[in-house]
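Here is a friendly walk through one protein model. Have a look at it first, and then we'll go through its parts together.

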Amino acid sequence: MKILLVEDDEHKMHDIISIVKEIDAHVVIDTAFSVASGVQKAVDNEYDLLLLDMTIPNFDNTEGKDGGPSYKNGGELIIRELIDEEINFRCAVITQYETFNNETIEQISERISELCRECYHGYIKYSTMNENWKDELKKLLQKCSR
């Protein structure tokens, strides 16, 4: 299985990669840190699953420059761009926030589901305070590895 993880928080990225590798050490995980690099990698490579953060910058941080302001719906922007590019993909959102620009994650998830249909596998609520997200991620990986 090959996964693209689009996440700009290094701690969260490390946690997610650790759990994925714990489940299956043979999973290949590529990473991207922004909308632009996430779209580019998804266009250039074939992935079994995209794990998308919602709040990410438009561009990667480079030496002396930050990636610009974070988009509250960055994960959704990636999905829309891939649909426009007619890229086949399966995805899930993994986020630690519950609201984005006055919308709940449930509302956004419903909209993404309408856009992607069976290609969208829902969202996972990441938290450093409880372990539930780990079980949800394990279930998602099992479902997508079939």
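In which sense do strand 6 and strand 9 pair, and over how many bridges? Strand 6 and strand 9, the latter made of residues 120–125, pair in the parallel sense over 4 bridges. Keep in mind that this is a predicted model.

**The sheet**

Let's stay with the strands for a moment. There are 5 strands in an open sheet, lined up in the order 2-1-3-6-9, and the pairing is parallel. Strand 2 (28–32) and strand 9 sit at the edges with a single partner strand each, so one side of each has no neighbour in the sheet. From one strand to the next, the twist averages 20 degrees.

Here are three of the pairings, each with a pair of residues standing opposite one another:

| Strands | Sense | Bridges | Opposite residues |
|---|---|---|---|
| Strand 1 and strand 2 | parallel | 5 bridges | L5 and T31 |
| Strand 3 and strand 6 | parallel | 3 bridges | L51 and A92 |
| Strand 6 and strand 9 | parallel | 4 bridges | C91 and Y120 |

**A closer look at strand 6**

Is strand 6 mostly covered or mostly open? Strand 6 is mostly covered, with 5 of its 5 residues buried. In a regular strand, side chains alternate between the two faces of the sheet. Here C91, V93 and T95 point one way, while A92 and I94 point the other way, and all are buried. Helix 4 lies across strand 6 and strand 9, and runs at about 165 degrees to strand 9.

**The cores**

Nonpolar side chains tend to be buried together in soluble globular proteins. The largest nonpolar core in this model has 23 residues, and L50 and I78 have the most contacts inside it. Six elements each supply at least two residues of this core: strand 1 (2–6), helix 2 (35–44), strand 3 (49–52), helix 3 (74–84), strand 6 (91–95) and helix 4 (105–116). The largest share, 4 residues, comes from helix 4.

What does L50 touch, once residues up to four places away in sequence are not counted? L50 touches L4, A42, L82, F89, R90, C91 and A92. There is also a second, separate core of 19 residues, which includes I29, A92, L137 and L141.

**Two helices side by side**

Two packed helices are described by the angle between their axes and the distance between the axes. For helix 2 and helix 3, the axes come within 9 Å and cross at roughly 35 degrees. Helix 2 passes helix 3 in a right-handed crossing. On the helix 2 side, V35, G38, V39, A42 and V43 take part, and they meet G74, L77, I78, E81 and L82 in helix 3. The residues of this contact divide into 7 nonpolar, 2 polar and 1 charged.

**One residue to finish: S37**

S37 has its place in helix 2. Why does S37 count as buried? S37 has a relative accessibility of 15%, and buried means under 20%, so S37 counts as buried. Leaving aside neighbours within four places in sequence, S37 is in contact with A32 and D60. As for Y120, S37 is 83 residues apart from it in sequence and 20 Å apart in space, C-alpha to C-alpha.

Terms used. Residues numbered from 1 in each chain as written. Predicted model: local features only at pLDDT ≥ 70, side-chain atom pairs only at ≥ 80, totals over all residues. Heavy atoms only, no water. Core = buried A, V, L, I, M, F, W, Y, C linked by side-chain atoms within 4.5 Å. Buried < 20%, exposed > 50% of the residue type's maximum accessible area, 1.4 Å probe, protein only. Contact = heavy atoms within 4.5 Å. Pairing = 2+ DSSP bridges. Axes fitted to C-alpha atoms, helices over the stretch in contact; angles between N-to-C directions. Left-handed = near helix turned anticlockwise from the far one by under 90°. Nonpolar A, V, L, I, M, F, W, Y, C, P; charged D, E, K, R; others polar.
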